[in-house]
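Thanks for coming, everyone. Please take a look at the structure on the screen, and I'll walk you through a few parts of it.

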Amino acid sequence: MLTPDVVIVGAGPAGLTAAAELAPRCGTGRVLVLDREAAAGGIPRHSDHTGYGIRDLKRVVTGPAYARTLVDRARAAGADIRTEATVTGWSGERSLEVTTPSGRLRVDARAVVLATGARERPRAARLIPGDRPAGVYTTGQLQNLVHLHHREVGRRAVVVGAELVSWSAVLTLREAGCRTVLMTTEYDTPDAYAAFHVPGRALLKEAVATGTRITRIIGHGRLEAVEVEETATGVRRTVACDTLILTGSWIPDHELARTAGLDLDPGTKGPLVDTALRTSRPGVFAAGNLLHAVDTADIAALDGRHVARHVRLWLDGHQPHETAVPIVADEPFRWVAPGLLRVGDPAPPRDRLLLWTERLVRVPRVTVRQDGRLLNRRVIPWPAAPGRVFRVPWNLLRNVDPKGGPIRIGL
């Protein structure tokens, strides 16, 4: 049995950053990081393009370089990182059952941080009809094949989605010698920021079909084509391709939180947390894209830095106030994170609430209401768009009563 001060589940940006912050305070080997993969670093390690580290490292690096930096920082700080270590269940309030190649372990810690991230829904979860040929991947599977195993994919690809990760998939396909012949999205506008999709469409010459969806996969043995439908008219056409990449449509890796019986947020599907990133179980915290599937890697890393401060307070015996007010997302928002405001607690990470919208609002006028009263309204100088996280400054909630009724965020 291992008895560290803190055990962190997940060696991606959130978990590694939390480990690097906590290890100097706890001492060498007193912070244990567990990850089921063979190497630490999370998704960035097989996302072989630049754009990582802007907000946390204050410089721009590639995904693999970013992952190596975070791993090196955590180890240098004194964290114990164990890979091929899969957490299979709980044996107590803060006790984990772990399976490794050398046998089973039990880990009893004073604090637990869940940083298990998120994944893209596969074809079956998206209910796409048709045949079941080879050549259908999520972005994670694609990048793992190309960047870690140097395997070939096809020659003509259709990408489902038009968000940031979709363009990351396009770059990976180009590196693998596979041309993207079409990107499809059910939204009326591309999901990614204009800074990505405008040069993407102009320079990479990919076509983005908005207001469309895949209605059939065709192929026996290998993918041969997909059927694409215009959602407004129902008109369908067949697009020849040998590779289909399913991007976006994220769901948090919440199985461990669910088996623990933690309160889950019905919008995010991840653990319900307060602004200190505490879950409903004392001493169990959560951070990163498990809470907001999905934001960028550096935002997840800053979550890790934020949660470390509150894990330290827990280890020092600090007890949070029992009263917590729900923060609720009104339409067109699907969810808001964090979902609780507790008396005396700090602002959330980066002084931002994170929300996800179901429709494009180019000039959002965000409102904050409580107990039937309008407390604040402000025009946010960036659009609320499907396919990317919408950020709301925390000071919009400055007049709320932490002992009042639910706080409602809307437009």
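**A pocket, a sheet, a hairpin and two cysteines**

Let's start with the second largest pocket, which has a volume of about 770 Å³. Keep in mind that this is a predicted model. Who lines that pocket? There are 35 lining residues, and those closest to the centre are R126, E186, Y187, T247 and S249.

Now, which strands feed into the lining of this pocket? Three to look for are β15, at 212-218, β19, at 250-252, and β22, at 333-337. Each of them supplies at least two lining residues. β15 gives the most, with four residues. What about the chemistry? The lining of the second largest pocket counts 14 nonpolar residues, 12 polar ones and nine charged ones.

Next, the sheet. Five strands make up an open sheet, and they pair in parallel. Read across, the order is β5-β2-β1-β9-β20. Which strands stand at the edges? Those are β5, residues 80-82, and β20, residues 284-286. Each has a single partner strand, so one side of each has no neighbour in the sheet. From one strand to the next, the twist averages 20°.

Let's zoom in on one edge. β5 pairs with strand β2, residues 31-34, in the parallel sense. Three bridges connect β2 and β5. One pair to find on your screens: V33 has I81 in β5 as its bridge partner. A general point while we are on strands: in a regular strand, side chains alternate between the two faces of the sheet.

Now for an antiparallel pair. Strand β7 covers residues 95-100, and strand β8 covers residues 103-108. Six bridges join β7 to β8. Together β7 and β8 form a hairpin, with two residues between them. Look for E97 here; opposite E97 stands R106 in β8.

Last topic: cysteines. How many disulfides does a search of the whole structure find? Zero. Take C178, which is in no disulfide. The nearest cysteine sulfur to that of C178 belongs to C241, 9.0 Å away. Why is there no bond between C241 and C178? Because a disulfide needs the two sulfurs within 2.5 Å, and at 9.0 Å the sulfur of C241 is too far from that of C178.

Are these two cysteines buried or exposed? C178 is buried, at 2% relative accessible area. C241 counts as buried too, at 4% relative accessibility.

That's the tour. Over to you for questions.

Definitions and conventions
Residues are numbered from 1 along each chain as its sequence is written. This is a predicted model: local features need pLDDT of at least 70, side-chain atom pairs count only at pLDDT 80 or more; totals for chains, interfaces and linings use all residues. Side-chain values use heavy atoms; hydrogens and water are left out. Two strands pair if DSSP finds at least two bridges between them. Buried means under 20% relative accessible area, exposed over 50%, partly exposed in between (1.4 Å probe, protein chains only). Axes are lines fitted to C-alpha atoms, for helices over the stretch in contact, and angles run from 0 to 180 degrees between N-to-C directions. On a 1 Å grid over the protein atoms alone, a cavity is a set of points where a 1.4 Å probe fits but cannot get out, and a pocket is an open set with protein on both sides within 12 Å along at least five of seven lines; lining residues have an atom within 4 Å of a point. Grid points are joined across faces, edges and corners, and a volume is the space filled by probe spheres set on the points. Ala, Val, Leu, Ile, Met, Phe, Trp, Tyr, Cys and Pro count as nonpolar, Asp, Glu, Lys and Arg as charged, and the others, Gly among them, as polar.
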